[in-house]
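The following exercises are to be worked with the sequence and the coordinates at hand. Each task is followed by a solution in steps.

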Amino acid sequence: MSCQQDVVYWCSWGLILASVAYFNRQRKTETPYGRYLDTSKPALMVPAKVAWFLQELPSFLVPMVLLYTADEVSAMGRNLLLSTFCLHYFQRTFIYSLLNKGRPTHLQIMISAMIFCSINGFFQGYNMLHCAEYAENWWADVRLWTGLIIFFVGMAINIHSDHILRKLRKPGEVTYKIPNGGLFEYVSGANFFGEILEWTGYAVATWTLPALAFAFFTLCSIGPRACHHHRFYLKQFKNYPRSRKALIPFIY
């Protein structure tokens, strides 16, 4: 499969522009899942474990299909794709989803997420396998190792923060509580902060426009949600620590 550089370029900028549009939407309203779900409106619902598994799966499966059906690929691109993008979505699909204790998800929200993950999975996989070009000494480049360090620190924060959130609820509970421990001592959206770090690291390590576009999309999509959670905690809990920030430690 040959690389269509112009298509990759314009798709990247399309994702960046879509990110800005989604960010503006998020400033006005919360995406209706989790604590912001309006249960008064009738809708087809999908159990949280099933929804998260199905919607995250394409981001892992599509790049793997691209990899195993390709005749010739970039070795460095393949290794970076497997050790970052596919690793993250393996964890989200086969571990996080099965441990999830969240509320059911609207079928429409799940399908929208599946479509995005399918398109982005193809986009990132295609770019890393067929378009990304690296010098033979890229393994010694400071951008690669800086990016990988940021990625794995972010992944550790994300996984640990999800663990803290799961431990807040006993079996059968659906109420929300104040998360404590880890980076939750500093920010309300520690799990979101970790994921944003992950994709920032991915963009630095791969040094490609599609990766940067995806990192920017992540910031624009879950960054505002972290702010929504922060306002939720301040409104619901009078004893919520006022020293905590919404997303970035020490910065509101």
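**Exercise 1: Aromatic pairs**

A search of the whole structure finds 24 aromatic pairs; rings of Phe, Tyr and Trp (its six-membered ring) pair if their centres lie within 6.5 Å, and planes under 30 degrees apart count as stacked, over 60 as edge-to-face and the rest as tilted. The model is predicted: local features need pLDDT of at least 70 and side-chain atom pairs count only at pLDDT 80 or more, whereas totals for chains, interfaces and linings use all residues. Residues are numbered from 1 along each chain as its sequence is written, and side-chain values use heavy atoms, with hydrogens and water left out.

Task: Describe the aromatic pair of F151 and W199.

Solution.
1. The ring centres of F151 and W199 are 6.0 Å apart, with 65° between the planes, and the pair is edge-to-face.
2. F151 belongs to helix α5 and W199 to helix α6 (residues 190-206), so the pair links distant parts of the chain, 48 residues apart. Helices are DSSP runs (H or I, at least four residues), numbered from the N terminus.
3. Both F151 and W199 are buried, where buried means under 20% relative accessible area, exposed over 50% and partly exposed in between (1.4 Å probe, protein chains only).
4. One aromatic cluster includes F151 and W199, with Y22, F85 and Y89 also among its members.

**Exercise 2: Salt bridges of R92**

Task: Which residues are linked with R92 in a network of salt bridges?

Solution.
1. The structure holds four salt bridges, each a side-chain nitrogen of Lys or Arg within 4 Å of a carboxyl oxygen of Asp or Glu.
2. One of them joins R92 and E56 at 3.7 Å, N to O. Since R92 lies in helix α3 (residues 75-99) and E56 in helix α2 (residues 48-69), this pair ties together parts that are 36 residues apart in sequence.
3. R92 also forms a salt bridge with D162, at 3.1 Å, N to O. D162 is in helix α5 (residues 142-167) and R92 in helix α3, so parts 70 residues apart in sequence are tied together.
4. The network therefore consists of E56, R92 and D162.
5. R92 counts as buried because its relative accessibility is 6%, and D162 counts as buried at 6% as well.

**Exercise 3: A salt bridge of R143**

Task: Is R143 buried or partly exposed?

Solution.
1. R143 and D141 meet through their side chains in a salt bridge of 2.9 Å, N to O.
2. R143 counts as partly exposed because its relative accessibility is 29%, whereas D141, at 17%, counts as buried.

Terms used: Helix = DSSP H or I, 4+ residues; strand = E, 2+ residues; numbered from the N terminus.
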